[in-house]
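Visitor: I should like to learn how to read a structural model feature by feature. Might we go through one together?

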Amino acid sequence: MNKILIAVYSQSGQSMRIANIIKEKLQADLYEIKPKRKYNDDMWKAWDEAQEEMATNAYPGLIGELPDLQEYDTVIVGGPVWGMTLANPVVTFMRNVDLMGKQVSAFWTFYDHDEKYDNAMKDYSMGADYVRGLSLPRSITGNAKKIEDKINQWIKTLN
Ligand SMILES: Cc1cc2nc3c(=O)[nH]c(=O)nc-3n(C[C@H](O)[C@H](O)[C@H](O)COP(=O)(O)O)c2cc1C
């Protein structure tokens, strides 16, 4: 039986909402990626904070233990797009887990620009079997039927 973990970071709830839909469909377990620091509620201020961390390679620590991935065959990593790529807490997660030999995929929510995301996630998944992720712009996350269709298509690409 293919055991699936969804690891998700969500600052304002969008990615968590999607995580819960996928969790139900795949009967997956859910792990929340929680940074030790809080980012500003204002998007542009949060973006300044995130950029400073990116520039200094000072990605946030995470609260609690990382999940034990040994029991999972598939790991799906979810979160928001920050600066067209992974949100900083998701970077911390990817840098600290061993995904070697697992099937890995991802989903991400954003407004309209995610140009670097899929490649960056693929790079962080080195040694894993990376399945192209699920890109969810606002034009899709604002429409329940479109979300459902996109998720169902993507699930078919997983083993
Ligand atoms: C720091 C920061 C940077 C962001 N950068 C982008 C971006 O580059 N492209 C984009 O389309 N949306 C960007 N957004 C918008 C978020 O990706 C979008 O609101 C997302 O759905 C939030 O997900 P969440 O509620 O799970 O945190 C950014 C938001 C924040 C807070």
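Guide: We shall discuss the nonpolar core, one residue in a helix, a pair of helices and two backbone angles. Please keep in mind that this is a predicted model.

Visitor: Let us begin with the core. Which residues have the most contacts inside the largest nonpolar core?

Guide: In soluble globular proteins, nonpolar side chains tend to be buried together. Here the largest nonpolar core comprises 38 residues, and Ile6, Ala7, Ile76, Val77, Val90 and Phe107 have the most contacts inside it. Two or more residues come from each of strand S1 (4–8), H1, S3, helix H3 (88–96), strand S5 (103–110), helix H4 (117–124) and strand S7 (134–137).

Visitor: What does Ala7 touch, apart from residues up to four places away in sequence?

Guide: Ala7 touches Tyr31, Ile33, Pro67, Val75, Val77 and Phe93.

Visitor: Is Ser15 buried or exposed?

Guide: Ser15 has 25 other C-beta atoms within 10 Å, and is therefore buried. This residue is found in helix H1. Its C-alpha atom is separated by 5.3 Å from that of Gly79, although the two are 64 residues apart along the chain. Setting aside neighbours within four places in sequence, Ser15 is in contact with Val8, Tyr9, Ser10, Gly78, Gly79, Pro80 and Thr109.

Visitor: How should the pairing of helices H1 and H6 be described?

Guide: Two packed helices are described by the angle between their axes and the distance between the axes. For H1 (residues 14–26) and H6 (residues 144–156), the axes come within 11 Å and cross at roughly 50°. The two helices are therefore oblique to each other, and H1 passes H6 in a right-handed crossing. On the H1 side the contact is made by Ile21, Ile22, Lys25 and Leu26, and on the H6 side by Ile147, Ile151 and Ile155. These residues divide into six nonpolar, no polar and one charged.

Visitor: Finally, what can be said of phi at Asn57 and Met84?

Guide: Most residues other than glycine have a negative phi. Asn57 has a positive value, near 55°, and lies in the loop between helix H2 (43–56) and strand S3 (74–82). Met84 also has a positive phi, of about 65°, although it is not a glycine; its place is in the loop between S3 and strand S4 (85–86).

Visitor: Are Asn57 and Met84 buried or exposed?

Guide: Asn57 counts as exposed because it has 7 C-beta neighbours inside 10 Å. Met84 has 12 other C-beta atoms within 10 Å and is therefore exposed.

Terms used. Residues are numbered from 1 along each chain as its sequence is written. This is a predicted model: local features need pLDDT of at least 70, side-chain atom pairs count only at pLDDT 80 or more; totals for chains, interfaces and linings use all residues. Axes are lines fitted to C-alpha atoms, for helices over the stretch in contact, and angles run from 0 to 180 degrees between N-to-C directions. Helices (H or I, at least four residues) and strands (E, at least two) are DSSP runs, numbered from the N terminus. Angles under 35 degrees count as roughly parallel, over 145 as roughly antiparallel, 65 to 115 as roughly perpendicular and the rest as oblique. A crossing is left-handed if the near helix is turned anticlockwise from the far one by less than a right angle, and right-handed if clockwise. Two residues are in contact if their C-beta atoms, placed from the backbone, lie within 7 Å. Ala, Val, Leu, Ile, Met, Phe, Trp, Tyr, Cys and Pro count as nonpolar, Asp, Glu, Lys and Arg as charged, and the others, Gly among them, as polar. A residue is buried if 20 or more other C-beta atoms lie within 10 Å of its own, exposed if 12 or fewer, and partly exposed in between; C-beta atoms are placed from the backbone. A nonpolar core is a set of buried Ala, Val, Leu, Ile, Met, Phe, Trp, Tyr and Cys residues joined through C-beta atoms within 7 Å.
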